[in-house]
Structure formats: C-alpha cells, structure tokens
Amino acid sequence: MSQVEKKAGLLRRTSSSKKPLKEKVVLMYDEIFAKEDPAKNNPRFWDELFLMKVNLEYLESKLESVDGEEVQRIQDNINSLFHHCVQALGEEHQIKVVNALQTLCALFRGVHQKNKSASGFDIINMLMGFDKAEQRMKDLMERLDSLLCGDGSESLKSLCLKLLLCLVTVTDNISQNTILEYVMINSIFEAILQILSEVSSRGQHGYDAVVLLALLVNYRKYESVNPYIVKLSIVDDEPTLDGMGMVVHQALTEYNRQYKDKEEENQGGFFSTLTSMVGSMFIADADEKLSVQTNEAILLALYEAVHLNRNFITVLAQSHPEMDIAATPITPTPTTPTTPLGTTPPSLDMMNNPELPLDPNLQTSNLLITFLKYASIVMQDTKDEHRLNSARLCLIILTCIAEDQYADAFLHDDNMNFRVNLHRMPMRHRKKAADKNIPSRPLVCAVLDLMVEFIVTHMMKEFPMDLYLRCVQIIHKLLCYQKKCRIRLHYTWRELWSALINLLKFLLSNETTLLAKHNIFYLALLVVNLFNMFITYGDTFLPTSNSYDELYYEIVRMHQVLDNLYCMVLRVSTNTGQWKEAASKVTHALVNVRAIINHFNPKIESYAAVNHISQLSEEQVLEVVRSNYDTLTLKLQDGLDQFERYSEQPKEAAFFKELVRSISLNVRKNVSLNTLSQDVLLKEFSTIS
C-alpha cells in the first residue's frame, strides 16, 4: 500500500485479500488528481466536494507526491479546485465555507512543500494559473475581508486568520513568498484594525491578528514600499491602538504569571529542590525548557508598534489594575493546542474584560511595566539563541522608548510612581530582594535597575558584547534627557557607578580573550563617557550636592581599576595594531577621570598622615573631597550629550531578517488548522443550513 493510501481515511477492512474502502472525499480528491475534468461526468462535483469533511493529511500528501510531469497534467484541475474554493467562501452554507477554508490551507501548504525549490511564479501558476492569479487572489482577499469584518461566526473568523497565517508562513523567508504581493495589493489592514478595536473580537482573535500584522509588516520591508508599514505608521484611532496594546499586554502578562508560578513551584522547599536536582539527572530538562520559552512574535509586534507609530507611545503608559490571571475564571476551550509557555494567546476572559473593578489594594500596572518584567526574565539567561534574540529585541524596544520625548516625559514623571518587581538572577553573593521593599518610583528607575541588573550579571566567558553596548547606550540616552530637562532623579546612582567600574574591571581582566572577538575599547569608551556625563553635567541632574560628592568618592575609591584601564589603553594606543585608534579615544576620554584621581588622592593621603589615621571612613574621604573642589581643574569635553539615533536599516536588517524567519517557522509549527477541530466546526454548523 502506498504512503498516500495509508493516510487515507479508512471506513472498514473487509478481508485481508481486499483493499480497504476509501472515504468518498478521498475518492473525489483522486478524481482531481486524474487528467480528466472531475466535473465532466458529474456537474455537481464541486458542490458535493465542499459538503464533505476535508481530509487535510491526504490532500497535502497527494500534492507533495505529484512529480514534475504530473503537475503539468493536472494543473488545470488544481487551478479549478482553487477557484471553486474561493467561490465557496461566498456560499451561505457555512459548512461549505469551513471546508473551503481548510482546503485552501492544504493547497497552500501542499504546493509549497512539494515545490520548495520552485520560483514563486511557478507556485502561483500551479495554484491559480498565472493569467488568472490577480483576479483569483483579489476575490480571495475580498471574501476573507468580508468574513473577518462581517457579523458571522467567530469560528469562521478564527479560521480565516489561521488561513492567512498559514499563507504568510509557508516559506521560511516570508520575503520570498511571491503570493504575498497580492496580499499587499488587496490589503486586509483595515480588517485587522477592526478586530483589534472591538472588545469581543479582540478577545477571540486579537493574538492571531497582531502576529499576522507583525509578519506582514516585515514582508520585503527593505526592498519596496510595504503598505502595511505605511498604514501602521499613521494609525491614530485610540480604541485600535489601545486594543493592540491590550493584546500585547495580556500575552506578556500571562507569560510573566506562568513564569512566576513555575519559579515558586521550583522553590517549594528542600524536598522539592532535592527531587528536582535528582530528577534532572534522569529526565531531559523539560521544565527548564518550558520556563525559558520566549514569545518573539508578540515582542516583534510591540517593536513595530513602538518603532513605527508615535501615537502608540501613549498606550505604553496607560494605567489599569494589575490583573491576576490565576484568579480570573478561565473557560478552557477545546480549540487551543498545547504549546510552550509564553506562546499561547491570552485567555478569552482576560481579553474580554479590559475594564476590571478597581481594588484599592491592587497595584496598578501598564504595558511598559509588564514589558520590563518580561525583559527581566528573558534577559537573565542569554545562552539560548531564542532568549538572546528576545533580549536583543527587548533592548531595541527600550532604545526606541528612550529616544522618544513623550516616552521620556512619562518615564520621568514624578506624579506617576510605580512599584516594579523585576526578576533578579539568583547569585551567591546577594540576597533575594523582598518585593515589598521595593519603593514606588518613576518608571525610569525600573529601566535603570534593569540595565544595572544586566551589567552586573552577564560578565562571563561568552560575553554578550552587543547587549552590553545597547544597555550602556540606553542609560546614556536617559541621562541626555535628564540633563536637557534638568530632571533631578532620586535614584541610587552609586549602584550604577559601581556596576560600570566593575564592568571595566572585567574588560581589563579578560583583555586577551575578549579582544579576539570584540572591540572592547568601544564599550570602554561608552562607559568612560557616562562618567564624563556625570562629571561635566551632574550639577544639572544629580538630585543633591551629596550625590556629586559620592560620584567623586566612587571614582577615587575605585581608582586602581581606572588607573589600570589608562595603562592598558596607553599601551595599546602607542603600539601599531588594529586597536590603536580605538584605544587612543579612550585615553583622551579619561582625562577628567584621571585629573580627579590625581587631584584628590594626594589630598586624602595627606589628611590620613596628618591625622594619623590608617583607614579613612567614607565620611572623612567625602570631607576631603568637599573641601578641595576649588583647586580642581577639569577640561570641557564636547558632544557628551549627543547620541546617534536608532535606525533599523542597515545596522539591524540582518537581525530582523533572521528573527522573522525564526518567528515564521514557529508560527507555522503552532498554527495548524486542527487548532480549530474539524469536528467542533462541523458540529457548530451542522444546525445552520
């Protein structure tokens, strides 16, 4: 028996000498794959076909098994099947519409699977006939648009979105999917917006709609004018933008909640810890993999909204009660498959109830807080490729936010204070902070905390240089805003200074290893220039004169690291080699740091000698610093408060291309038409006819 026959739906086995009987729909598929027109001897062939329950496996297998010559022979019948599928979408008989949608998906998948090496034009020709393709796709997109925007069944709308996601992701590289040209011409952008703007439809379909939009925005985005990019950039309808934000917020909230539950479960006492330790020796780390599964598709949607649409920035800051997903009654639906943590759409109840009653004991939240918590989870471990990509994307999103004037205004707004419980990596030398000890502060403090946390916890052999550069640049952009607007932020700056100096110490200790892979001098320059920002402009944004004293104290206290850095860059800049120029820039940048060290160190030593004190207290050192400012001479350095604005192309183009490929593969794997069980659909529509 052939592989295809094995997959056919079997009714009964008569005896070992006879072949099993095939389902009627399978016999009809066989007629389509024969040379003759199946409607020649049966004028009602197509009407009957769409009343039959689709056998997806058989149809896809049949398409994949067709060889080159056969393709030519049956192309007219395949074209006819596609045409009648599109026609059936306009039928009043809902079962016909369901079967047509599922058949179209099998067609798209089967033809692409068979013809991976074929050109897009050959695939279009096989599916629709090249001369008729434009009209066929116009009809298809119009009917899908009509189904998505109409008052019909929610199951049908869901199936339409699954079909569109299937169509978008049939090729590994979506930009090589030539059929999407027709999706660009016959835009469904307005239909997606309508889904997001209405509470009920957003609850049912918002997740798929947002992921679909994110993928369509990335179709040939660097090669031609993509209408979805243009339209997304000018959306100013508040309900629509709020709806998009709500979908992203709920997806990230659910991930954060599940992660926290998993974390608490893993910390459930000594016995649990011992069991998990022993268990992991024998069992593949299924739980660990579950806890690190990321959701790059929803992050990409957030990035595109923040990057392309200035109006979306307001959505980030909108406050609402922090929803407790665990406490919300969830009605499980048979349509949701088991997928890894963080990749499932939020529960329908969550999405249908954006307005929850305000509880005075409930912490308020917003999309930005939820995103920062999510970032603090995925940025903990960057060894896994998906988490590395997620961490990079989180930092790119924060870069866009840190550059936006409106975003900076609400980040620094002293009237908008929040308690943000970021996840901190377990480390031997520090205690886990209790959530209740976290003060209520402007949101910029949480962003800075996240950057400091990353700097402190990722000094390792596989050094994530790219992420460190982004972290330091985000801090710089925030400082530029504070300097420009003279905002005196009450933040524990000393933690940041200490983290930065320890980073320089790490670069020094691992110079040889790191230089084999990275230009550590560029990172060192950015770090030194952060100190120069504080030294030169600190009087405009540090909260008190004491903060300025503490800055000088920290530089003097850690002078050995800064002295060693100077010796290293001086050595490299005076030798000929590839790093000569880069090291030379750091040498020049250190001029004021060295002036501070060389000015105050002798004064401190003299004070200790005169007073016969072997070890000065912090207060005594600060006293020396305060009384010797007048004689300190510093050089004015230009351009410290200037930065290069974020630009996706060309720097980030390769990253996004690979990211979209990864998301597309994941969506293709998770979005199966069986997500909407055929039996459930047929049962729903069997009463409607």
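Of the 689 residues of the protein chain, 54% count as buried, and I should say at the outset that what we have in front of us is a predicted model. The protein chain has 34 helices and 4 strands, and among its contacts with a separation of 6 or more, 79% are accounted for by residues that stand 24 or more positions apart. With that as background, I would like to go through a few places in the chain, beginning with a helix and its neighbours.

The helix is α11, residues 189-197, in which Phe-189, Ala-191, Ile-192, Leu-193, Ile-195 and Leu-196 are buried. What do these buried residues of α11 pack against? They pack against α8 (133-149), α9 (154-168), α12 (199-217), α13 (227-234) and α14.

Let me follow two of those partners, α14 and α9, down to single residues. Thr-240 lies in helix α14, which spans residues 238-266, and this threonine has a relative accessible area of 3%, so Thr-240 is buried, the cut-off for that label being under 20%. Setting aside residues up to four places away in sequence, Thr-240 touches Leu-193, Leu-196, Ser-197 and Val-235, and of the residues just named, Leu-193 and Leu-196 are also on the list of buried residues in α11. The side chain of Thr-240 is joined to that of Asp-237 by a polar contact of 2.4 Å. For a C-alpha to C-alpha separation, Thr-240 and Arg-202 are 9.8 Å apart in space, with their positions 38 residues apart in sequence.

In α9 we find Cys-166, which counts as buried because its relative accessibility is 5%. Beyond residues up to four places away in sequence, Cys-166 touches Cys-105 and Arg-109, and the C-alpha atom of Cys-166 is separated by 9.3 Å from that of Ala-106, a residue 60 positions away along the chain.

Moving on from α9, we come to Asp-172, which lies in the loop between α9 and α10 (180-185). Is Asp-172 buried or partly exposed? With a relative accessible area of 36%, Asp-172 is partly exposed. Which residues does Asp-172 touch, not counting those up to four places away in sequence? They are Arg-661, Ser-664, Leu-665 and Arg-668. With Arg-668 there is also a polar contact of 2.6 Å between the side chains, and the C-alpha atoms of Asp-172 and Arg-668 are separated by 9.2 Å, although the two residues are 496 positions apart along the chain.

That brings us to helix α33, residues 653-670, whose axis comes within 12 Å of the axis of helix α21, residues 385-403, with the two crossing at roughly 125°. Two packed helices are described by the angle between their axes and the distance between the axes. Here α21 and α33 are therefore oblique to each other, and their crossing is left-handed. On the α21 side the residues that meet the partner are His-386, Asn-389, Arg-392, Leu-393 and Ile-396, and on the α33 side they are Phe-655, Phe-656, Leu-659 and Ser-662. By class, this contact of α21 with α33 has 5 nonpolar, 3 polar and 1 charged residues.

A second helix pair can be set beside this one, namely α25, residues 493-509, and α28, residues 545-557, which pack at an angle of about 20° with their axes 10 Å apart. That angle makes α25 roughly parallel to α28, since angles under 35 degrees are the ones given that description. The crossing of α25 and α28 is right-handed. In this pair, Arg-494, Trp-497, Ser-498 and Ile-501 of α25 meet Ser-547, Glu-550, Leu-551, Tyr-553 and Glu-554 of α28, and the residues of the contact divide into 4 nonpolar, 2 polar and 3 charged.

My last residue is His-412, placed in the loop between α22 (405-411) and β3 (417-418). Is this loop residue, His-412, buried or exposed? The relative accessible area of His-412 is 7%, so His-412 is buried. A polar atom of the His-412 side chain lies 2.8 Å from the backbone oxygen of Asp-408, and, leaving out residues up to four places away in sequence, His-412 touches Pro-442, Val-444, Leu-478, Tyr-481, Gln-482 and Ile-487.

Terms used: Residues numbered from 1 in each chain as written. Predicted model: local features only at pLDDT ≥ 70, side-chain atom pairs only at ≥ 80, totals over all residues. Heavy atoms only, no water. Buried < 20%, exposed > 50% of the residue type's maximum accessible area, 1.4 Å probe, protein only. Contact = heavy atoms within 4.5 Å. Polar contact = N/O pair within 3.5 Å; in protein donor to acceptor, adjacent residues only side chain to side chain. Axes fitted to C-alpha atoms, helices over the stretch in contact; angles between N-to-C directions. Parallel < 35°, antiparallel > 145°, perpendicular 65-115°, else oblique. Left-handed = near helix turned anticlockwise from the far one by under 90°. Nonpolar A, V, L, I, M, F, W, Y, C, P; charged D, E, K, R; others polar.
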